[in-house]
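The following paragraphs lead through a protein model and its ligand, beginning with the enclosed spaces and ending with the backbone. Please keep the sequence and the three-dimensional view at hand while reading.

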Amino acid sequence: MNNNNLALKAPLSGPVMPLSRVPDPVFSSGAMGDGIAIDPLNDCLHAPCAGVVMHLARTRHAVTLKADNGAELLLHLGLDTVQLQGEGFEALVREGERVSEGQPLLRFDLDKVARGSRSLITVLIVTNGEGYELRPLTTTSVDVGAPLLQLSRTATAPAANEQHAGGSETRGRVRVALRGGLHARPAALLRKTAQEFSSRAELHVGGRSASIDSLVGVMGLGVAEQDEVEVICRGQDSEAALHALLKTLGTADGEPHPLPTAAIPVSAPRGADEPGVLGGVCAAPGLASGPLVRLGTIQLPQDTGDSRPDEQHRALDQALEHVRDDVRTTLQQAGKQGHADEEAIFSAHLALLEDPGLLDAADLLIDQRISAAHAWSRAVQTQCGILLALGNPLLAERANDLRDLEKRVLRVLLRKEGEQPVPAGSLVAAHEITPSDLGPLVRAGAAGLCMAEGGATSHVAILARAKGLPCVVALGPQLLELEEGRTLVLDADHGRLEYSPSAERIAQVAAQREQREQTRERQRVQAQQPAVTRDGKSIEVGANVANPEEAAEAFVAGADGVGLLRTEFLFLDRQQAPNEQEQQRAYQDVLDAMGERRVIIRTIDVGGDKHLAYLPLPAEENPALGLRGIRLGQALPQLLDQQLRALLQVSPLHRCRVLLPMVSEVEELIAIRQRLDQLAQELGIEQRPELGVMIEVPSAALLADQLAEHADFLSIGTNDLSQYTLAMDRCHAGLAARIDALHPALLRLIAQTCAGAARHGRWVGVCGALASEVLATPVLIGLGVQELSVSPGLVGEIKARVRELDAEDCRQRSQELLALGSARAVREACTRLWPQP
Ligand code: PEP
Ligand code: MG
């Protein structure tokens, strides 16, 4: 039978309308596919053709049929009818059942559905429309069974059981273990996995499908944790791709479950009895008071509808690339500072900015002479509509990320990039605040955030918690009616915004904040003094810096020295390699910024996750295990020689210590020491800088004894040491919550490093992110670490913590941590053994 051409029959009786007139952007934009709509006058939906029921919505308001020519037909009864939760609908067929043309599929209570939803307008959409042509057979009114649409299969459409050309097709099913289902970050993780293969991959669930390339497409499937999905891969490496994707989908990631209620205190329900208070949900704890400032929104100029598509395509491409560049910079900074949450969020943003579903939708609109700004805005709004309609709160919150990208691209397109001035100390209110708003607000010194909408698991909430900025979401539309300039109290711990606080209350909040500020100020002042434990052990607290400016900040913050200068970050924005003089000047500037204090300068550590524009490296199968750190110096000896010469010429040389990254055996250290000697002789320099090695691969920790014989000091890089000990990629968003340097295996390696160094009278420091964790300070001191190199902003706090501890007590108690079985157990024990005041 030739099924290539099919006349679809009317599933309902009533007036017919084109999809573009349906008052719901999800359908009218064509984002879900091409089709037609009917405003029904009868109460039963019939099959427009013979086929198989692929999917029946749990809420029975929609059904998808697979026609015999492979077309997938979605019949969606009414608008927003998902909210009825099945009330008023009766399914007359089951999933998997074969139906004949005209067979009744769903019966519905016309009156009930009409009253409980926005509209009865029903759409018929071909959801796998690529390769099918649709031609309406009527445009007025139809009766059930009358010809409605001509559906023709073109050459490119896949037949129902067709194999994809150019490689094999492989398919498999899995239950989704990714926490919270396929929302933005897990969907980005899946896309990243798929990109490692040449095969094309699709995700199928409940009769709907999406390319794994498209984040919005995948999110639009509304897959929840524990849903079963099918993955289909087509191409040369389809088996390997399928295997990797099923593994990713079936592995629980590090995505936190929505915060436990203890961590997010929720206020009494909105509208409840407390006068003068708006109730919402705590997204980031804290207490603040200040004048209310409302954040403005972007107004789109009117669209004239006669834009030139070529110009608008160009403008949108440029704006998108501009925003992608900004996001990449944020990602790089987050990586440098070890902010894993931020990295995961902005990686997902980058993927959304490259999303074919989103870009194609915008391009299509531009082709219809719509301006780039309107096209982008409409494409984003359509996707937001799809996410919001899924009824999954976690996915609905991802609409916030999409709107953030909408705003960012619009700001570039409309040249409105300047930051809105927000006075320091104010409480910022908005319908919704998005991740990219946050940086400018933190810089301006905002005291707290209040949102009419939003959720506690949104990305902006995660970032606000990371920045310590109190934030309450879901305060309701009343928030936007509050008078600007009025002083309010934001009690985020209890999800409350007090909009008419008494003078005493304001004074009380101010006093509490003042107290916290005083503690911080005291720590800042005392940071200029050495950090000595209660029993008299001195711990040097230095700072990790990336350039002379940060070194100056560290000096003011009281750092005892620079514990790590990452030289690879000094010339990040350069297209050409810096010469010897430029390098010497940069190192000298860092030394000069630190007064009389010492500076540890690490030789260049590129490769792995760090890249330099001026030093392109060949692609490697497994870069984290490839040519990086000191291995690169061996492969490119001129590069290392140039850097060592620059280092030898700083003054005074006794204040400069040289540190070698990624050392894994003693010969590497001995060879560099000899080379340093040779170069110093050639330059006529008598003095030698101290030479240390990073302990950041397990072999170095295990050989600490032998390394310490030839090194002047050892510095533990817990970031890489965690990666290589736990076999978890430090850039892997899905493992971010599990790659924890307080794992007992790492503690054992740190203990072994300290013991090895002590045998030769050498000192050990920690310059990885663990040194900046107050919880870890007693353990590190207990295991024998003598120097901590931390983020400049934390010098005062870490020094204050050192002064509260007794080193001998830390030594004794930390031994018991080595016998524990997980990082979580270590964290719990630390909290119990060394409670923080
Ligand atoms: C480390 O690995 O802990 C470290 C300090 O080095 P980086 O983060 O630069 O790799
Ligand atoms: Mg490292």
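The model is a predicted one, and a useful way into it is to ask where empty space is left inside. Rolling a probe the size of a water molecule over the atoms shows where such space is to be found. How many cavities of 30 Å³ or more does a search of the whole structure find? The search returns five, and two of these, the largest and the second largest, are described here.

The largest cavity holds about 110 Å³ of space. Its lining runs through Thr567, Glu568, Phe571, Ala577 and Pro578, continues with Gln583, Tyr587, Ile604 and Tyr614, and is completed by Leu639, Gln642 and Gln643. Two elements, α15 (580-593) and α17 (637-648), each give two or more residues to this lining, and α17 contributes the largest share, with three residues. By residue class, the lining of the largest cavity comprises seven nonpolar residues, four polar ones and one charged one.

The second largest cavity, with about 60 Å³ of space, is lined by 13 residues, and those nearest its centre are Arg566, Arg602, Glu696, Asn719 and Asp720. Here the lining divides into two nonpolar, three polar and eight charged residues. Which cavity does ligand 1 sit in? The ligand is placed in this second largest cavity.

Seen from the ligand, the surroundings can be described as a shell. Ligand 1 is surrounded by 15 residues, the closest being Arg566, Arg602, Lys610, Asn719 and Arg730. Eight residues of this shell are charged, while four are polar and three are nonpolar. At least two shell residues come from each of β29 (561-566) and α21 (718-726), and α21 gives the most, with three residues.

Both side-chain and backbone atoms take part in the polar contacts made by the oxygen atoms of ligand 1. From arginine 566, a polar side-chain atom lies 2.7 Å from an oxygen atom of the ligand. From asparagine 719, in contrast, it is a polar backbone atom that lies 2.7 Å from a ligand oxygen, and a polar backbone atom of threonine 718 is found 3.1 Å from an oxygen atom of ligand 1. Of the 290 Å² of accessible area that ligand 1 has on its own, the protein covers 99%.

Two details of the backbone remain to be pointed out. Most residues other than glycine have a negative phi, and most peptide bonds are trans. Against that background, the peptide bond from serine 651 to proline 652 is cis, with omega near -5°. Proline 652 belongs to the loop between α17 and β31 (656-660), and α17 is also the helix that gives three residues to the lining of the largest cavity. The other detail concerns glutamine 226, which is not a glycine and yet has a positive phi of about 80°; this residue is placed in the loop between α4 (215-220) and β18 (228-235).

Note on methods. Residues are numbered from 1 along each chain as its sequence is written. Chains are lettered from A and ligands numbered from 1 in the order in which they are written. This is a predicted model: local features need pLDDT of at least 70, side-chain atom pairs count only at pLDDT 80 or more; totals for chains, interfaces and linings use all residues. Side-chain values use heavy atoms; hydrogens and water are left out. A residue is near a molecule or strand if one of its heavy atoms lies within 4 Å of it. A polar contact is a pair of N or O atoms within 3.5 Å; within protein, one must be able to donate a hydrogen and the other to accept it, and residues adjacent in sequence count only if both atoms are side-chain atoms. Accessible areas come from the Shrake-Rupley method with a 1.4 Å probe; for residues, only the protein chains shown count as cover. On a 1 Å grid over the protein atoms alone, a cavity is a set of points where a 1.4 Å probe fits but cannot get out, and a pocket is an open set with protein on both sides within 12 Å along at least five of seven lines; lining residues have an atom within 4 Å of a point. A molecule sits in a cavity or pocket if more than half of its atoms lie within 2 Å of its grid points. Helices (H or I, at least four residues) and strands (E, at least two) are DSSP runs, numbered from the N terminus. Ala, Val, Leu, Ile, Met, Phe, Trp, Tyr, Cys and Pro count as nonpolar, Asp, Glu, Lys and Arg as charged, and the others, Gly among them, as polar. Grid points are joined across faces, edges and corners, and a volume is the space filled by probe spheres set on the points.
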